[in-house]
Structures are given as structure tokens and as C-alpha cells.
Amino acid sequence: MSDLDVQIPTAFDPFADANADDSGAGAKEYVHIRIQQRNGRKSLTTVQGLKKEFSYNKILKDLKKEFCCNGTVVQDPELGQVIQLQGDQRKNVSTFLVQAGIVKKDNIKIHGF
């Protein structure tokens with residue numbers, strides 16, 4: 001009976017090497033820009049996924065000044081620090097981040113409607 005156990009091939013996963021390579025440091029880090037509906041026509045834009053070495057308060061200050069809106073930095077237990085801005089600022093924030101050289105255009109994901 002032990003001869004049968006040796007002859008039975010084990011399960012082969014052809015994607016095992018590919019999955020191991022993708023989970024390393026080569027994985028892309030995306031910046032997610034989302035819109036959340038508040039009440040009525042009011043909305044909120046959130047920016048998450050910026051690198052931790054950036055000063056979120058300085059970025060927020062420039063965004064508020066550029067787009068004439070209010071905002072805050074919120075500490076989330078799962079997502080880390082998240083920038084919140086009043087209104088629908090998705091396109092404005094994405095162009096600002098690219099022009100300032102903070103994020104490449106390929107690493108930005110815009111969510112909503």
C-alpha cells in the first residue's frame with residue numbers, strides 16, 4: 001500500500017510562484033479618491049493611501065487654499081490617515097497630486113458615481 005501513496009502525484013499550483021512574486025515589495029500602492037454622499041446635495045471627498053512620510057496637514061492646507069473648501073485629516077484604525085474635503089473635489093485633487101509630484105497618474109484610482 002505504501003507504493004500507491006508514492007505514485008499518486010500531489011496537487012500542482014502553476015500560479016504559486018506568480019502569487020509569491022506579486023505579494024512582495026513590487027506591488028503598486030494606489031491612492032484612492034472617493035466621494036461620499038452626506039445629506040441632500042452635500043458630499044465629502046476622501047483621499048487615502050498617501051505615503052506616510054508626507055505631511056498630511058501641509059497637503060490639506062494646500063488643497064483647502066487651492067479649491068476654496070474646508071477639510072480635515074481623520075485617523076482611521078484600518079486605513080490610517082485619511083484626508084476629507086468638502087464637496088466633490090475628485091478631479092481637482094487628482095490633478096493637484098500629479099502636478100505637485102506626490103503621486104504618479106497611474107497610481108491614482110478615482111471612485112464614485
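Are F67 and F96 buried or exposed? In this predicted model, F67 is buried, and F96 is buried as well; the points below start from the chain as a whole and come back to these two residues.

1. The overall plan. The chain's secondary structure amounts to four helices and five strands, and, read from the N terminus, these elements follow the order α-α-β-β-α-β-β-α-β. Of the 113 residues in the chain, 27% are buried. If one takes the contacts between residues at least 6 apart in sequence, 51% of them join residues at least 24 apart.

2. Helix α3 and its two sides. Helix α3 is built from 12 residues, and from its first C-alpha to its last it reaches 16 Å, which is close to the 16 Å expected at 1.5 Å a residue. Its buried residues are Y56, I59, L60, L63 and F67. Because these residues cover an arc of only 100° around the axis, they lie on the same side of α3. On the other side of the helix, by contrast, N57, K58, K61 and K65 are exposed.

3. What lies against α3, and what follows it. The buried residues of α3 are covered by elements that include β3 (71–76), β4 (80–86) and α4. Just after the helix comes C68, which takes a positive phi of about 55°.

4. The aromatic pair. The structure holds one aromatic pair, and its members are F67 and F96, whose ring centres are 6.2 Å apart and whose planes stand at 75°, so the pair is edge-to-face. The pair links distant parts of the chain, since F67 belongs to helix α3 (residues 56–67) and F96 to helix α4 (residues 90–99), with their positions 29 residues apart in sequence. This returns us to the opening question, as both F67 and F96 are buried.

5. The surroundings of H32. Residue H32 is found in strand β1, which covers residues 31–37. With a relative accessible area of 19%, H32 counts as buried, because the cut-off for that word is under 20%; a student should notice how the label follows from the value. Leaving aside residues up to four places away in sequence, H32 touches T46, V47, Q48, K109 and H111. With one of these, H111, the side chain of H32 also makes a polar contact of 2.9 Å.

6. A lysine over a ring. K109, which is among the residues that H32 touches, lies over the face of Y30, at 4.6 Å from the ring centre.

Note on methods:
Residues are numbered from 1 along each chain as its sequence is written. This is a predicted model: local features need pLDDT of at least 70, side-chain atom pairs count only at pLDDT 80 or more; totals for chains, interfaces and linings use all residues. Side-chain values use heavy atoms; hydrogens and water are left out. Helices (H or I, at least four residues) and strands (E, at least two) are DSSP runs, numbered from the N terminus. Buried means under 20% relative accessible area, exposed over 50%, partly exposed in between (1.4 Å probe, protein chains only). A polar contact is a pair of N or O atoms within 3.5 Å; within protein, one must be able to donate a hydrogen and the other to accept it, and residues adjacent in sequence count only if both atoms are side-chain atoms. Contact means heavy atoms within 4.5 Å. Rings of Phe, Tyr and Trp (its six-membered ring) pair if their centres lie within 6.5 Å; planes under 30 degrees apart count as stacked, over 60 as edge-to-face and the rest as tilted. A charge sits over a ring if NZ of Lys or CZ of Arg is within 6 Å of the ring centre and within 35 degrees of the ring normal. The expected span of a helix is 1.5 Å times one less than its number of residues. The arc is that of the directions from the helix axis to the C-beta atoms.
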